[in-house]
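Trainee: Please take me through the charged side chains and the residues set in the loops. Keep to one close look, and go residue by residue.

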Amino acid sequence: MKSPAATLPAALYPNLFSPWRRGRLNLRNRVVHAAMTTRRVFDQTPTQQMIQYYENRAAGGAAMVVTEPLNTARIQTRGHYVRAWNDDNLDWLRRWADAVESKDCRLLGQIQDSGRGRHERGRNPNAIGVSALPDDLSWTVPRTLSRDEIWRMIDDIAQSAARLERCGFSGVEFSAGHGHLFHQFMARRSNLREDEFGGDLAGRMRFLTASIAAVRAACSGGFLIGLKMPGDDGMPDGVDPEQAAAMASLVTADGSIDYVTFCQGAHSRTLDWHIPDMHWPRAAWMPLIRQLRAHVHGVPVMALGLITDPAEADGIIGRSETELVALGRALVTDPAWPLKAAHGRESEIRYCVSCNTCWGQIVEGQPLSCDNNPRVALPDEVEWQPSRLKRGRRVTVVGAGVAGLEAAWIAAARGHRVTVFSAGAEVGGSTRLHSRLPGGESLSSVYDFQYTQARRHGVTFELGICASVDDVLASRAQRVILAAGATMIWPRTAPDAWREDGVLLDARSAAAALSEFHEPQGGTAVLFDMDHTEGTYALAEIMRRLFDRTVIVTPRERVAMDVPLVTSLSIYRRLTRLDIEIVALSELAAESDFEAGRIAYRNVHTGTLGFIDEVAIAAYATPRAPRTTLLDALRDAGVPVQAIGDCKTPRSLLAATSEGYAAGMRV
Ligand SMILES: Cc1cc2nc3c(=O)[nH]c(=O)nc-3n(C[C@H](O)[C@H](O)[C@H](O)COP(=O)(O)O)c2cc1C
């Protein structure tokens, strides 16, 4: 039986939702789910949640879904990848294929090994690799694969592909970019071999080309083979666009490949390129993909990289830039993206904000999750709406940041009569402030979606009111959700007099004040950093644009330690390029003289003083303390109240959305 998403109307986005039939490819539309590691695999075995994740993307309208990497060779033992090289998981593999294919969606298993690559701290003692050369990030030196081992891997990959086909998969995708093992074979930087798997281009490509040939030989004529190739890895002796063109030409020449796409970055200081954030232009890789398209012998090309908007995706196909469009993070955030777009309900899409929290989660071994989707992989994730209660209550939410808004719209959708008080005149809280800083623009779609839903479900907003106990009592609330956020803690070593003089601003006040300035101000900006998250460095960028010099002072040994590795790599690149100075292992010191424009700092180990002169502005970004005054007062007044988000314990955007969601469901 076909699902409701099987054929999507093509009137609004005629290019994106038109079928694609060419050779072995037969797709109901052009939307493809790009491979995402879900970390929902246990001990090399699928879980129901993992299958549900893929089923949801198929039910949401994608025409083809590429899985996360599988263990397709016996040498691979990663516990969080599904074992496909023997018959242990046959039943699971069949269920997986059935869950997706029954929705008229093609399922392709991904073939990949990270080789010497490692994101985590420390070295990987079990790494296998091309040559005994260190990984650019972890400096892991792999055990060099023997020729026999490589040929055995190729045979295993072919047998695994055949097994997947028997289980109902439509094909496989080779992940040959991202700095993984195929890429390590292909790049001179990592391949010193003198046997048939090294040397010239054909030799360095042999592991990939021989694997593709082996899969073709082992599987039926209709089995799909997709290819993700390096487009530009940004590393000396790596794969630059010229090399990428030659490689793409070689591998697509014989008609074995059904589609090809290109990615950027490697397992190196360019790791962050592979999941471009909002500091990149939209559809970030399209210039490169357009260029490389000329070298693939007419094989269908798949657009990829920071594509989040249906009109953008439709335009790419409409201009004949590619035949297919892959969405990675956009479909994590909303599996029903295709369904909603096709039906003209774009305002109901929860959009990816490219924050890369998802990547940070999986690298820490946590299940794939999303700042803007609290229901990843739940059975009713697609087009979910809360079920309505027979009788709603009067619910008051104090605070219109992300946690409060999420609680409010869900409570209202469940049938409660909800009033939201917000001290600010606009919704969005500190996330709105962040959205005005460099790289934060797309964050607005988190609270825009929540606000639209809240209005749709009849939430009353009292904006610009710093709610008192009397206000809350006057709302006759039967339940109160307190989401009043948190404030930055005054730095321990800063004298109180500075607070009274107003010479040291908290980062949020500084960001709000500086957004009014557009002309260079001269002098030095100082930012004391005990925060280590993205917003702080976005403020540093604003400071650098306005002042002659910007100095970050931090008590830790370096900055940006509380963000995912990909985010810290891109932060360091920008700070370095902007010539923003970092004073590590230091705290602000009382010896400062603000009137003379001098700030003193003290080394936390030696006590040695240092000075920054000609200071025009100084700010601090520190851990936050929950705003609990109203909480205590309401409890004293006997009002049933629960604190959520930062108002409970200051944390991340991910925690704010998921806790707001839970509160809205519980109330
Ligand atoms: C959390 C996360 C996990 C990913 N896992 C894989 C993977 O296992 N294999 C792969 O080839 N690419 C993986 N990628 C890269 C995506 O397939 C895609 O190339 C990248 O996210 C850019 O596309 P997007 O901007 O649409 O997200 C991952 C990306 C993210 C954010």
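Mentor: Start with His-532, which is buried because its relative accessible area is 1%. Buried means under 20% relative accessible area, exposed means over 50%, and partly exposed lies in between, with a 1.4 Å probe and protein chains only. The areas come from the Shrake-Rupley method with a 1.4 Å probe, and for residues only the protein chains shown count as cover. This is a predicted model: local features need pLDDT of at least 70, side-chain atom pairs count only at pLDDT 80 or more, and totals for chains, interfaces and linings use all residues. Residues are numbered from 1 along each chain as its sequence is written, and side-chain values use heavy atoms, with hydrogens and water left out.

Where does His-532 sit? Look in the loop between strand 20 (524–529) and helix 18 (534–546). Helices (H or I, at least four residues) and strands (E, at least two) are DSSP runs, numbered from the N terminus. The backbone of His-532 deserves a check: phi is near 65°, a positive value in a residue other than glycine.

Arg-476 is also not a glycine, and its phi is positive, about 50°. Find Arg-476 in the loop between helix 15 (469–474) and strand 17 (479–482). Its relative accessible area is 54%, so Arg-476 is exposed.

Arg-476 leads to the surface charges. Together with Arg-391, Arg-393 and Arg-417, Arg-476 forms a positive surface patch. Patches are made of residues with over 30% relative accessible area and no salt bridge; like charges are joined within 9 Å, and nonpolar side chains (Val, Leu, Ile, Met, Phe, Trp, Tyr) within 5 Å. Lys and Arg count as positive, Asp and Glu as negative, while His and the chain ends are not counted. The place of a charge is taken as NZ of Lys, CZ of Arg, CG of Asp or CD of Glu. Within this patch, Arg-417 belongs to strand 15 (residues 417–422). Arg-417 is partly exposed, because its relative accessible area is 48%.

There is a negative surface patch too, made of Glu-500, Asp-501, Asp-593 and Glu-595. Asp-501 is part of helix 16 (residues 496–501). Asp-501 counts as exposed because its relative accessibility is 55%.

Now turn to paired charges. Side chains of opposite charge can pair when their charged atoms come close. A salt bridge is a side-chain nitrogen of Lys or Arg within 4 Å of a carboxyl oxygen of Asp or Glu. How many salt bridges does a search of the whole structure find? It finds 37.

Take Arg-116 and Asp-136, a salt bridge whose closest N and O atoms are 3.8 Å apart. Arg-116 lies in the loop between strand 6 (106–111) and strand 7 (128–129), and Asp-136 in the loop between strand 7 and strand 8 (143–144), so the pair ties together parts that are 20 residues apart in sequence. At 6% relative accessible area, Arg-116 is buried. Asp-136 is partly exposed, at 25%.

Next is Arg-106, which makes a salt bridge with Asp-104 at 3.6 Å, N to O. Arg-106 is buried, because its relative accessible area is 18%.

Arg-345 and Glu-348 form another salt bridge, at 2.7 Å from N to O. Their neighbours join in: Arg-345, Glu-348, Glu-383 and Arg-456 make one network through salt bridges that share partners. Arg-345 is partly exposed, with 23% relative accessible area. Glu-348 counts as buried, with 19%.

Not every contact here is a salt bridge. The side chains of Thr-38 and Glu-68 are joined by a polar contact of 2.9 Å. A polar contact is a pair of N or O atoms within 3.5 Å; within protein, one must be able to donate a hydrogen and the other to accept it, and residues adjacent in sequence count only if both atoms are side-chain atoms. Thr-38 sits in the loop between strand 3 (31–33) and helix 1 (48–59). Thr-38 counts as buried, because its relative accessibility is 0%.

Two loop residues remain. Gly-61 lies between helix 1 and strand 4 (64–71), in the loop. Gly-61 is buried, at 0% relative accessible area. Its C-alpha is 14 Å from that of Glu-346, and the two residues are 285 residues apart along the chain. Leu-145 is in the loop between strand 8 and helix 3 (147–167). Leu-145 is buried, with a relative accessible area of 1%. From Leu-145 to Cys-358, C-alpha to C-alpha, the distance is 32 Å, with 213 residues of separation in sequence.
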